[in-house]
Structure formats: structure tokens, C-alpha cells
Amino acid sequence: MKAVVLDTDNRFTLTSLDEPVPAAGEVAVRVEYAGIQWGDVLVRGGYFPVPRPFVPGFEAAGRVVAVGEGVDPARVGQLVTALTSSGAYAETVVAPAVLALPVGDLDTRTAAAFGWAGPTAWDLIHTVTRVRPGESVLVHAALGGVGSLAAQFASAAGAGRIVGVVGDPDQADYAAKLGYDRLVSRHGFPETLGDERFDVILDPVGGPVRAAGLDRLAPHGRLVAYGAMGGAASVPIDADDLLAQGRSVLTYNSHLLSRTAPERLAASAVEALRLLSDGRARIDVAAVYEPADLDAAVQRLAAGGTRGKHLVRFGG
């Protein structure tokens, strides 16, 4: 089969490999589209110590073509969105059966774009911060995969005001379609917000942005840290100071959840997929690449400024 390998030269290279065989509790999926995400940037940058060469790729959509021991054979032929720990940049990928989710009437491109962003955004809004009607929400990386869905889920949950932080704030018309009331530049954050405070802040950035966010929490506000795109700089947190204002700092790690409680992650994905199927949320596919062009695609994502979801086409 065709597959993309990340080798010791730190480049994504198209090659040929044997097809993987599903183990017990797994399914094999014939990939039509695979999603490009920030995890690809981190892996190439060496932030995760993975043996090389290996086949990267963490999310894909396609048809189930084989099942491992203990998996219902009737699943063969299902169109699924699959969450994986690696291997999605290939014509065939194996994934835990519980995290290969039937997508119903969704088209394959949307199913691939859903990926990890879908359940992550759902959990951030509904499981972690529990956004209530009328509350204000601030979303960093607002037009990324997670941010764009989180804004829509927050809007559907009744949030009163949703503000996004982005590299390019001149996309207000597009952002309004996602539920944002305002976009602000990350270069002017937090000064451009004046004295505004927020009930919920979604922060995948970390470092100074996280420290500034703590100062922007309203009484009883919740900041959730779910990444460190800005680097691993430590942010000191005074629990007694938080207690005085009833503020909370929470964390969320979808990859850890997939290993410790995959059924919980799958349940959140099902809820997010329902909103997409009902038309109450949308995912825009902005670019589709061929496998040989993956290296350029990941470099473009790393450079910032991308909008919508980017995919790699294998059989779609």
C-alpha cells in the first residue's frame, strides 16, 4: 500500500509498505481522506519522542475492510471516522473499534475533517467547562479545528458572547458564521479587550497567554488548558488566589482519554457528530492535498494563518 513515512531526515516521504492487519478489538479502514492537524507539526518538530521511520497521521475517514477478534463482522463496509495514535497517512489504517465511529449520512471529507477536533471541542464546552446559557466564552486559536467547532457548540449551548483570538482578525464575516461575536488579534491580546472578563476561556497556547487569561477570568470563571502551542513555559498558579474569586483552572487531554477511557471519548464524538448531521454545526474543508504534498501541507499549517480544515486524499 501507499503510505507517508516520517524518517530521520525530518521529511514526510511517500513510500510502499505492507498493509496492517487489525488485532483484537481493532478494525482496518481503507482510507479515503486523512486529516492534517497540529499534532503533525509537533511530531515533526520532535516534541513527541517517536521512533523513526514511522507512519504518522492521527485521523482518517473511510470504509471498514476488516475486523479483529471480538469485533462484529457486520462492521465491514461501514463508513467511519477513525481516531488513531498513528498510521492514518496510508491507504489502510488500523484503529480501535470503539474509536472508529459510524458517520451516517455525512460525506467522507467532512467525516475526515471531524477527527479529534470534534470530541475535543464537545468535551471542552460540555464536559470540562460546562458552558451555561448567557455565559461569555473566549477562544484562542479561534479559527482552528477545535476552536471553530467549540464556538459553534458554545453558541448552541446558549453562550451569551463568544470572542475569538486569531493571528488575522480581518475575517469577521467568516467568524460570524461560526458563532463569534468578535475577533481580536493575538498580537494585541489582552489589551484590545479593555476590561472585559470571561466566564470560560479555552487555551491551547500556554505560556504568557495562559497567564494573561487567568487575569481575564470573571468570578467563578473557568480556564481550560488543552495544549501548549506557544511552548512549554511554566505558568505559576496560586490556588488560594483562585479560591478567593471562585475561579478554576482545568486541563483536558484527549489523547490520554483515548487510552484510559475510550468509551467516554467515543460518546462525546457521537454527540458532536449529531450536531453536524443536524446542520447545527459545520466544518469547512479549505484544502485537499495529495500524499506526496504532505510535507508542504504541514509546513503551511505550522506557519499559521490557515483557515478551515486541510486533508490528504488517498482514495476519495
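R216 sits in the loop that links helix 6 (208-215) to strand 12 (217-225), and it makes a good starting point for a tour of this predicted model. R216 is buried but forms no salt bridge. The protein around it contains ten helices and 15 strands. Below, the tour moves from two buried arginines to the overall fold, a set of paired strands, two helices and some backbone details.

**R216 and its surroundings**

- The nearest side chain of opposite charge to R216 belongs to D195, 5.6 Å away. A salt bridge needs a distance within 4 Å, so this pair does not count as one.
- The side chain of R216 does reach a backbone atom: the oxygen of P190, at 3.5 Å.
- Setting aside neighbours within four places in sequence, R216 is in contact with P190, L193, G194, D195, E196, R197, F198 and I201.
- P190 itself is in the loop between strand 10 (182-185) and strand 11 (198-203).

**R75, another buried arginine**

- Where is R75? It lies in the loop between strand 4 and strand 5.
- R75 is also buried without a salt bridge, and the nearest side chain of opposite charge, that of D72, is 7.2 Å away.
- What does the side chain of R75 make a polar contact with? Its partner is the side chain of Q78, at 2.8 Å.
- Not counting residues up to four places away in sequence, R75 touches V64, V67, V80, A97, A100, L101 and P102.

**The protein as a whole**

- For 316 residues, a compact globule would have a radius of gyration near 20 Å, and the 19 Å of this protein agrees with that.
- Along the principal axes, the C-alpha atoms fill a box of roughly 60 × 40 × 40 Å.
- Buried residues make up 53% of the 316 in the protein.
- Among contacts with a separation of 6 or more, 67% are between residues 24 or more positions apart.

**Strands 3, 4 and 5**

- Strand 3 (residues 26-35) and strand 4 (residues 59-67) run antiparallel and are joined by seven bridges.
- Strand 4 is also joined to strand 5 (residues 79-83), again antiparallel, through five bridges.
- R63 is a handy residue to follow across these strands: it is the bridge partner of R30, and it stands opposite L79 in strand 5.
- As a general point, side chains in a regular strand alternate between the two faces of the sheet.

**Helix 3 and helix 4**

- Helix 3 (residues 117-128) is largely enclosed by the rest of the structure, because ten of its twelve residues are buried.
- The buried residues of helix 3 are A117, G118, P119, T120, A121, W122, D123, L124, I125 and V128.
- A151 belongs to helix 4 (residues 145-156). Is A151 buried or exposed? With 0% relative accessibility, A151 counts as buried.
- The C-alpha atoms of A151 and A121 are separated by 8.5 Å, although the two residues are 30 residues apart along the chain.
- Leaving out neighbours within four places in sequence, A151 is in contact with I162, L178 and Y180.

**Backbone details to look for**

- Most residues other than glycine have a negative phi, and most peptide bonds are trans. The next points give the exceptions found here.
- The peptide bond from R52 to P53 is cis, with omega near 0°. P53 is in the loop between helix 1 (38-44) and strand 4.
- A cis peptide bond also leads from F189 to P190, with omega near 5°. This is the P190 whose backbone oxygen is reached by the side chain of R216.
- N10 has a positive phi, near 70°. Its place is the loop between strand 1 (2-6) and strand 2 (12-16), and at 32% relative accessibility N10 counts as partly exposed.
- R130 has a positive phi too, near 50°, and this residue follows helix 3.
- The loop that holds R130 runs between helix 3 and strand 8 (136-140). At 56% relative accessibility, R130 counts as exposed, whereas R216 and R75 are buried.

How values were computed:
Residues numbered from 1 in each chain as written. Predicted model: local features only at pLDDT ≥ 70, side-chain atom pairs only at ≥ 80, totals over all residues. Heavy atoms only, no water. Helix = DSSP H or I, 4+ residues; strand = E, 2+ residues; numbered from the N terminus. Buried < 20%, exposed > 50% of the residue type's maximum accessible area, 1.4 Å probe, protein only. Lys, Arg positive; Asp, Glu negative; His and termini not counted. Polar contact = N/O pair within 3.5 Å; in protein donor to acceptor, adjacent residues only side chain to side chain. Contact = heavy atoms within 4.5 Å. Pairing = 2+ DSSP bridges. Rg over C-alpha atoms; globule rule 2.2 N^0.38 Å.
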